[in-house]
Structure formats: C-alpha cells, structure tokens
Amino acid sequence: MNADTVILILVATITAGVPLIFSALGELVVEKSGVLNLGVEGMMIVGAISGFMVAAESGQLWLGVLAGAGAGMLMALIFAFITLTLMANQVATGLALTIFGIGLSAYMGQAYSSVALEGIKSLHIPLLSDLPVLGQLLFSYDPLVYLALLLFPLLVWFLYHSRGGLVLRAIGESPTSAHALGYPVIRIRYLAVLFGGAMAGIGGAYLSLAYTPLWSEGMTAGRGWIALALVVFATWRPGRVLLGAFLFGGVTIAQFHVQGLGVDIPSQFLSMLPYLATIAVLVLISRNAKTIRLNAPRRWGRLSIVKFINVQGD
C-alpha cells in the first residue's frame, strides 16, 4: 500500500462519515431535549429520495438538498405531533416512522431507479487544493463535507456556551423545573425534533446527491441506526460523535479495500463489518451501567412529565 492509496482511503473515510455526522449530531440535539426518536433511518431515506426527485426534476442540486432537509423535518413533525401532542410512546412511534419512511421512499422512487445525476462537485480552492498531500486531504471535498465539519463547532457552542443550549439541556434534565421557570418545554422539544429531522434529511440527501448521485431503494443501508448507536457510543458528547462517525466511516470503506489487498474474505462478511462494529461497541459500553448513562439526559425518552405539562399548558 503506497501513500496515494492511504490518502484515498482517508478521503473516502471522511466522506463516508458525513451522513453519520449530520444524522447523529441532529439526534444528539433531540436527545439532549429529553426526546428519543428512533425514526432516523426513516427520515434519512425520505430525505434521500425527496432530494433526488427535486434535483432530478429541477436540475438544481442545492434545491434538492433543501428538499431533503424539508422532507426530514416533515417526517420529524409527524413524530413530534404523535409523541409530544398526542403523547404516544416514543419508541413505538420512532420504529413506525422508520418503517413508514422506508416504504414511502420505495414507492416515491420507483420512477427514478434508472436516473443518474452529475452530483455535487468537489470544491477547487486555488493554491490550497493543489498542495501535495494536504491539498487532497483537506481541500478536495464538496461543500456539504465542510458544512458537516462546521456543524460540529457550532453545535458545541450552542449546547455549552449559549443560553438556548442551557435551556435545552435543562429541559432534558428536568422539564418540571424548566416548566416552573416559565420555559415552553413542548415548544422547545418540537424545535429540537425538527432540527434533528432536518439534519437527518440532509444526511440522506448527501447520499443521493453527492456520495453516490443516484437513487437506489434502501440506499441508507442502516446508517440511521448506526447514527442512533453513535449518540450512545459517544455518551452524548459532540466531539465523540464526530470521531465515532469517522471511525464507522472507516469501517465502511474498509470493506472496499480489504479484498483489493489480496485478503481472501467473503464479501458478505465485509458488508457486515459496520453493523458488527456497531454491535461490538454497544456491547462493550453496556458492560458498565454508569458508562452507558454517562451524560445522558435524566428524562431521556420519558413521557410522564410531558403529559403533566400538556395538561397544565405550554
């Protein structure tokens, strides 16, 4: 393996981690508010087909990205209405949202299976993109990659250095106290869920408009579930989510390079690697009850206080 191959693997690892960064950081905000949305996979796949359809019909790729975000938000709004207004079980609703999203995307995408797009192009920054090694590693990506990386510091600032982030985390820790202080708990949770849906939709749109600019049924391939696992694996810390996304991105890319190195491993086993890694990580961190709950919001996924607040008014 030469240096050029290593650079190609690193670049591919970063791009493979981008949909996970969007989806996992969005879900992190949702869970920080005390809500558990298991419908990330459904929001991603609907965002992927919606973005692809709009881009294919309009010829505007960035309009497709916005459509993906809007579709993810619409799916999230359905989840929020059912769980926060109608007070249904969050786990069951999230699972139903994923099943609904997978079926809906398959139906919507029937006419687009043979359509291909040019895709979002990588940026070429004068001088910087032409640098040896660093140019390819740092300055050869499409704008959505840089947007995903920019999302990380913005989210850290919001959660830990802004009043809005403090209120969001307080609602996740003790919605009763936040409600007593006059904060609109349900409204803020709605906004958090919508943000998570938009991020999942962009993550899905990235797959169909930049990563592999075509539509294929089930193209998210479980990335939404990996994003959910990433939040737990990272113990609800944004920095660890970012590192975990690149780790799982690297595992995903590994399956395409291992056989090229002459290693005789069945392709089916290599395809399982990202999901085996997810299970292995969850098993390891679940061995210690304190670790699995480290930094987790105290009212994470609980409904009783939401019912109380709905009765009392927002």
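Colleague: Which way does helix 2 pass helix 9, in a left-handed or a right-handed crossing?
Modeller: In this predicted model, the crossing of helix 2 past helix 9 is right-handed.

Colleague: And how do people describe two packed helices?
Modeller: They give the angle between the axes and the distance between the axes.

Colleague: OK, at what angle do the axes of helix 2 and helix 9 cross?
Modeller: They cross at roughly 55° and come within 6 Å. Helix 9 covers residues 185–211.

Colleague: Why do you call those two oblique?
Modeller: Because roughly 55° is neither under 35 degrees nor in the 65 to 115 range, helix 2 and helix 9 count as oblique to each other.

Colleague: Which residues make the contact?
Modeller: On helix 2 they include Val40, Met43, Gly47 and Phe52. On helix 9, Gly196, Ala200, Gly204 and Leu207 are among them.

Colleague: How many of the contact residues are nonpolar, polar or charged?
Modeller: The contact of helix 2 with helix 9 has 10 nonpolar residues, eight polar and no charged.

Colleague: New topic: how many aromatic pairs does the structure hold?
Modeller: There are four aromatic pairs. One of them joins Phe52 and Tyr112, edge-to-face, with 6.3 Å centre to centre and 90° between the planes.

Colleague: Where do Phe52 and Tyr112 sit along the chain?
Modeller: Phe52 is in helix 2 (residues 40–58), while Tyr112 is in the loop between helix 4 and helix 5. They are 60 residues apart, and the pair links distant parts of the chain.

Colleague: Is Phe52 buried or exposed? And Tyr112, buried or exposed?
Modeller: Phe52 has 0% relative accessibility, so it counts as buried. Tyr112 is at 12%, so Tyr112 counts as buried too.

Methods
Residues are numbered from 1 along each chain as its sequence is written. This is a predicted model: local features need pLDDT of at least 70, side-chain atom pairs count only at pLDDT 80 or more; totals for chains, interfaces and linings use all residues. Side-chain values use heavy atoms; hydrogens and water are left out. Rings of Phe, Tyr and Trp (its six-membered ring) pair if their centres lie within 6.5 Å; planes under 30 degrees apart count as stacked, over 60 as edge-to-face and the rest as tilted. Helices (H or I, at least four residues) and strands (E, at least two) are DSSP runs, numbered from the N terminus. Buried means under 20% relative accessible area, exposed over 50%, partly exposed in between (1.4 Å probe, protein chains only). Axes are lines fitted to C-alpha atoms, for helices over the stretch in contact, and angles run from 0 to 180 degrees between N-to-C directions. Angles under 35 degrees count as roughly parallel, over 145 as roughly antiparallel, 65 to 115 as roughly perpendicular and the rest as oblique. A crossing is left-handed if the near helix is turned anticlockwise from the far one by less than a right angle, and right-handed if clockwise. Contact means heavy atoms within 4.5 Å. Ala, Val, Leu, Ile, Met, Phe, Trp, Tyr, Cys and Pro count as nonpolar, Asp, Glu, Lys and Arg as charged, and the others, Gly among them, as polar.
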